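Grab a pencil and keep the viewer open. Try each task on your own before you read its solution.

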Amino acid sequence: MKDRLLLLGYAIAVVAATSVHNPWWLAGGLLVVAALAGRQAPTIGWRALRAVLFFNLVISIGYAAGALFGQAVSLDYLILVNTRVYLLIFLTFSLASKIDILRALSFSRNLSYLVTLVLSQIIPFRRLFEDLRLAAESRRLRRLRLRERYLQSAAAAVHLFDRAEHDAREIALAMRSRGFFQPEATDNAPGD
Amino acid sequence: MLQAIEVSYRLPEGQEILRAIDFQLGRGEKVVLLGANGTGKSTLLKVLNGLLPPTTGTVSYDGRVVDRAALREAAFHQRFRREVVLLFQNPDTMLFNPSVFDEIAFGPRQLGLDDVDKRVHHWAGELGVVPLLERTPFGLSGGEKQRVCLAALLILEPKVLLLDEPTANMDPRSTGWLVDFLADINQTTLVTTHNLSLAGEFGDRCLVLGEDHRLIFDGPIQDFLGDQDRLAAANLVHRHRHRHGATEHSHFHTHDWD
């Protein structure tokens, strides 16, 4: 029950954070979430900052660059977007470890299946990603140029994508073979 | 030449993968690393290649400890990466260049060598991949990828080859070719496998990792392969019932799994 309530609270908080357009209210929400995180707040805050820094910088600089081309730039809007993204990530990081997602979604068999499938894929993908990283490191004799790093990253991304597609197809076939996708009941018997 | 001294490795989640592993590889020695699935063979190779830092213990190469500090030194890093190479079990993780030629040339280009073209053609010839040079690595078969990866490593003229299940993606013809190829090279090799019928072909000495993640055997491979009790203890043989005509009995089998 606790997990379900936490998940519900999380969903409400996400909807609220995306509906509120006043940066002061969002900042207040951030303070509340930080207070609820307790002693873990600085660690979560730092992790969330690292996670959003690149994305937020690119968006903010891109938006601010619009001023160079005569576009009206609002500082309030910049603060609003950055605060909202940071709040959402902080919220997710602080609740992710507290919610047992399988228990929280146990009310729906289909959602439970879906989450189990996702979780069962995360571990092999983490291993594969680690192997890609180590293989690249193993073959690096000096600091790589930007183009070489780009090629490595692109190849890794393609490999991960291919693997995900292949695994998804295999899983779907395995589920079909175990009768997961029941055909719609029809009045027509086979051969009719 | 390459030495593991009381090496242990624990995952960040706490699970112990290697426990107090202690051995040394001599120059030109050909050694086979055996162990059932999940005993830590691949992890041990990554630790020996300086990719994963041991939780305790040390790895040393030519008398020099291989740790983060050593690998931060550009000269040692380049020497170590050139001389000690690792063939990953999944060749796809190693391939990221647009063509097989570029893949094989990746190492020499990093070193700034001027006869890259000649070297690539030489090693592509040795590994039988000349007809593939213009192709995209991702479009190749498992065996072809493995050969390309090997060419990309051997072009560096390494002194130590760490090979993780090199026959895992190969058809029988390619497997036979690889066995002959490895028998002819002079480098120190450490090959992991759980294919017992091939193990004897890869080296004279074997190291065996047990299911408790410790080194449970280090000695002549024929001694280990001939010892049914040790094979069973390492979970490298299995017992099952089978029929000979009307009679049914059960005994250990050394069926290969790949």
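Here come five exercises with worked solutions, all on a predicted model.

**Exercise 1. Find which residues of helix 5 of chain B are buried, and work out how they sit around the axis.**

Step 1: Go to residues 116–126 of chain B, which make up helix 5. The cut-off you need for buried is 20 or more other C-beta atoms within 10 Å of a residue's own.

Step 2: Val120(B), Trp123(B) and Ala124(B) are buried in this helix. They span an arc of only 105° around the axis, so they end up on the same side of helix 5 of chain B. That fits a general rule: an α-helix has 3.6 residues a turn, so residues three or four places apart point the same way.

Step 3: Now look at the face turned away from that buried side, where you'll meet the exposed residues Lys118(B) and Gly125(B).

Step 4: What lies over the buried residues? The cover includes helix 4 (100–111) and helix 6 (142–154) of chain B.

Step 5: Carry on just past the end of helix 5 of chain B, and you reach Gly128(B), which has a positive phi of about 70°.

**Exercise 2. Put the strands of the six-stranded open sheet of chain B in order, and name its edges.**

Step 1: Reading across, the order is 6-7-8-3-9-10, with mixed pairing.

Step 2: Strand 6 (84–87) and strand 10 (215–220) of chain B are the edge strands, as each pairs on one side only. From one strand to the next, the twist averages 15°.

Step 3: Zoom in on one pair. Strand 6 and strand 7 (residues 160–164) of chain B run parallel and share four bridges. In that pair, Val85(B) has Leu161(B) in strand 7 of chain B as its bridge partner.

**Exercise 3. Do the same for the four-stranded open sheet of chain B: which strands are at its edges, and why is one side of each left without a neighbour?**

Step 1: This sheet follows the order 2-1-4-5, and its pairing is antiparallel.

Step 2: The edges are strand 2 (16–25) and strand 5 (64–65) of chain B; each has a single partner strand, so one side of each has no neighbour in the sheet.

Step 3: Strand 1 (residues 2–10) of chain B is antiparallel to strand 2 of chain B, and six bridges join them. Across this pair, Ala4(B) is opposite Phe23(B) in strand 2 of chain B.

**Exercise 4. Place Glu29(B) in its surroundings.**

Step 1: Look in the loop between strand 2 and strand 3 (30–35) of chain B, and there's Glu29(B).

Step 2: Count 17 other C-beta atoms within 10 Å of Glu29(B), which makes this residue partly exposed.

Step 3: Leaving out residues up to four places away in sequence, Glu29(B) touches Thr188(B) and Arg205(B). The C-alpha atoms of Glu29(B) and Gln187(B) are 7.5 Å apart, although 158 residues separate the two along the chain.

**Exercise 5. Turn to chain A, then see how many residues each chain brings to the contact.**

Step 1: The domain assignment splits chain A into domain 1 (2–102) and domain 2 (108–177). Their C-alpha centres are 27 Å apart.

Step 2: An unreviewed UniProt entry puts "transmembrane region" at residues 50–73 and 85–105 of chain A. In the model, residues 50–73 of chain A are 67% helix and 0% strand, while residues 85–105 of chain A are 76% helix and 0% strand.

Step 3: The contact takes 19 residues from chain B and 15 residues from chain A. Helix 4 of chain B gives the most on the chain B side, with four residues.

Definitions and conventions
Residues numbered from 1 in each chain as written. Chains lettered and ligands numbered in written order. Predicted model: local features only at pLDDT ≥ 70, side-chain atom pairs only at ≥ 80, totals over all residues. Buried ≥ 20, exposed ≤ 12 C-beta atoms within 10 Å, placed from the backbone. Helix = DSSP H or I, 4+ residues; strand = E, 2+ residues; numbered from the N terminus. Arc of directions from axis to C-beta. Contact = placed C-beta atoms within 7 Å. Domains from an automatic or database assignment. Pairing = 2+ DSSP bridges. Axes fitted to C-alpha atoms, helices over the stretch in contact; angles between N-to-C directions. UniProt positions renumbered as here; feature names shortened; annotations may be inferred.
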